[in-house]
Amino acid sequence: MTMATTGHAGAPPASSALRRDLLGLQGLHADDIRAYLATARDLIPSASGKGMHRDALGGAIIANLFLEDSTRTRLSFTLAAKRLGADTIDLTGAGSSASKGETLRDTARNIEAMGVDAIVVRTKASGGAALVAESVGCPVINAGDGRHEHPTQGLLDVLTFAEAKGRLDTFELSGLSLAIVGDIISSRVARSAIAAFTTLGCRVICVGPPTMAPKGLACLGCEVENDFDSVLREVDGVMMLRIQFERHGDATTGPTAPAAAPTGRTGSLREFRAFHALTQARVKLLRPGAIIMHPGPMNRGLELDHAVADSGASVILRQVSRGVAVRMAVFRTLVRPPQ
Ligand code: CP
C-alpha cells in the first residue's frame, strides 16, 4: 500500500515521504481502499471484543480532537484504540483554548508536543484535517472536516454494503448500484462514499432536489437524479442523508420547524417529505434484497420513516458496528506503536 500520499488533499505535508495519514478517499487507489477494507473485515470479531489484538498498539496514545459534535465517530475511534491496546486523550471544542482564539494549527502542535502517536481530528472547516497534517509529524486521521470528507465513514459504508451483498472476498462492486439521497451538497459522507463506491466499481446515483443534488455533482463520478421514484427499482441499496440545517446558514429552520417552513435548500420540509423521503410506500418499490443505510444521526420522520429505520432491510446499526472494525483497521495501518 502506498502510504506517502494516502488521501491527502491540498498541499503535500512537510515530510511527505514519511507521512501516514488518512485525510480522504478521493484519489485513493482501489488497492489501498481494498487493503483497509480487508483489514477491517478480518478485525470484525475483535471489534466486538472477540479475539486478541490488545497488544497491537500497546503503549500508543491517540489524541481525539473533536471540534464539532459527534456520537458514533468519536466513541468508535476511542473504542477502536482501546481494542488495540492504545490509550486515548480527548479534546472537544467546548472547554478548549479554541474559545480564546487559539488556531487549529497551534492546537494540533501543542497536542503533538505532549507526545501522542496519532491525532484524530473533526472540524467544521473543510480542509481542516489537511491543515493539521501539514502542522504535525504524527499520523493524522480525518474524522470529518466540514463538507469535504469523512473517509472512515466511507470505508464503513462500503464494508457494510459489501457484506450485505456477499462481496467481502474482493470488495469488487461492479454490477451493483447505490442511491445516495438527500442533502448531498452539504455532505462529507456523500463525497467519501462516492469516491469509495465508484472506485470499487459500484454505480452511484445521487438523488435530491436540485438545490441539494445539483447536476454538477456528476464531476465526482456519480450520476445525478432529481426524481427519487425513478431510481427505486434500479438500486441494490439506498443511503439516506440527514438534512444538514446547520450548514445551510439559516438558523430559523431545522427538524423542529413547522412542516411548511422553507428550509433554504428545499421549498419546505413537507415538499422534501413528499418527493425525497424514504417512506414505507417507497420501500415497497425497492428491489428484493435492497438494503437501507444511513450514516446517522437520523431525523426520524423526516428523511426516512420510523418504521423504515427499524425495518429488516435496515443495516443502519450494522454500519455503526462496522465503524469500530474500520477504525481499528485504520489505526493498524497508520500508527506505529512506541518501541
Ligand atoms: N456518522 C457520523 O459521523 O456520526 P457522528 O456525527 O455521530 O459521529
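These questions and answers walk through helix packing, the ligand site and two backbone features of a predicted model.

Student: Which residues lie around the ligand, and which of them belong to α2?
Tutor: The residues around the ligand include Ser-70, Thr-71, Arg-122, His-150, Gln-153, Pro-295 and Gly-296. Arg-72 and Thr-73 are on that list too. Helix α2 covers residues 72–83. The two ligand neighbours in α2 are Arg-72 and Thr-73.

Student: What distance separates a backbone N or O atom of Thr-71 from an oxygen atom of the ligand?
Tutor: Thr-71 is one of the residues around the ligand. Its backbone N or O atom pairs with a ligand oxygen atom at 2.8 Å.

Student: Which residues place a polar backbone atom by a nitrogen atom of the ligand, and at what distances?
Tutor: Pro-295 has a polar backbone atom 2.8 Å from a ligand nitrogen atom. Gly-296 also offers a backbone N or O atom to a nitrogen atom of the ligand. For Gly-296 the distance is 3.3 Å.

Student: Is the peptide bond from Gly-296 to Pro-297 cis or trans?
Tutor: Gly-296 is among the residues around the ligand. Pro-297 sits in the loop between β9 (291–293) and α9 (306–309). Omega for the bond joining Gly-296 to Pro-297 is near -5°. The bond is cis.

Student: Where is Phe-171, and what is its phi?
Tutor: Look in the loop between α5 (151–164) and β5 (177–181). Phe-171 is not a glycine, yet its phi is positive. The value is about 60°.

Student: How do α2 and α10 pack: oblique or parallel?
Tutor: Helix α10 spans residues 316–334, and its axis runs 8 Å from that of α2. The angle between them is about 55°. That angle makes the α2 and α10 pair oblique.

Student: Which residues of α10 meet α2, and what classes make up the contact?
Tutor: From α2 come Arg-72, Thr-73, Ser-76, Phe-77, Leu-79, Ala-80, Ala-81 and Arg-83. On the α10 side are Val-320, Gly-323, Val-324, Arg-327, Met-328 and Phe-331. By class, the contact holds eight nonpolar, three polar and three charged residues.

Student: What is the handedness of the α3 and α4 crossing, left or right?
Tutor: Helix α3 (residues 104–113) and helix α4 (residues 128–135) have axes that come within 9 Å. They cross at roughly 50°. So α3 is oblique to α4. Their crossing is right-handed.

Student: How many nonpolar, polar and charged residues does the contact of α3 with α4 have?
Tutor: Helix α3 contributes Leu-104, Arg-105, Ala-108, Arg-109 and Glu-112. Helix α4 contributes Gly-128, Leu-131, Val-132 and Ser-135. The count is four nonpolar, two polar and three charged.

Student: Are α1 and α5 roughly parallel or roughly perpendicular?
Tutor: Helix α1 (residues 30–47) packs on α5 with the axes 10 Å apart. The angle is about 65°. Angles of 65 to 115 degrees count as roughly perpendicular. Therefore α1 and α5 are roughly perpendicular.

Student: How many polar residues does the contact of α1 with α5 have?
Tutor: Helix α1 supplies Ile-33, Tyr-36, Leu-37, Ala-40, Arg-41 and Ile-44. Helix α5 supplies Leu-155, Val-158, Leu-159 and Glu-163. Eight of these residues are nonpolar and two are charged. The contact has no polar residues.

How values were computed: Residues numbered from 1 in each chain as written. Predicted model: local features only at pLDDT ≥ 70, side-chain atom pairs only at ≥ 80, totals over all residues. Heavy atoms only, no water. Axes fitted to C-alpha atoms, helices over the stretch in contact; angles between N-to-C directions. Helix = DSSP H or I, 4+ residues; strand = E, 2+ residues; numbered from the N terminus. Parallel < 35°, antiparallel > 145°, perpendicular 65-115°, else oblique. Contact = heavy atoms within 4.5 Å. Nonpolar A, V, L, I, M, F, W, Y, C, P; charged D, E, K, R; others polar. Near = heavy atom within 4 Å. Polar contact = N/O pair within 3.5 Å; in protein donor to acceptor, adjacent residues only side chain to side chain. Left-handed = near helix turned anticlockwise from the far one by under 90°.
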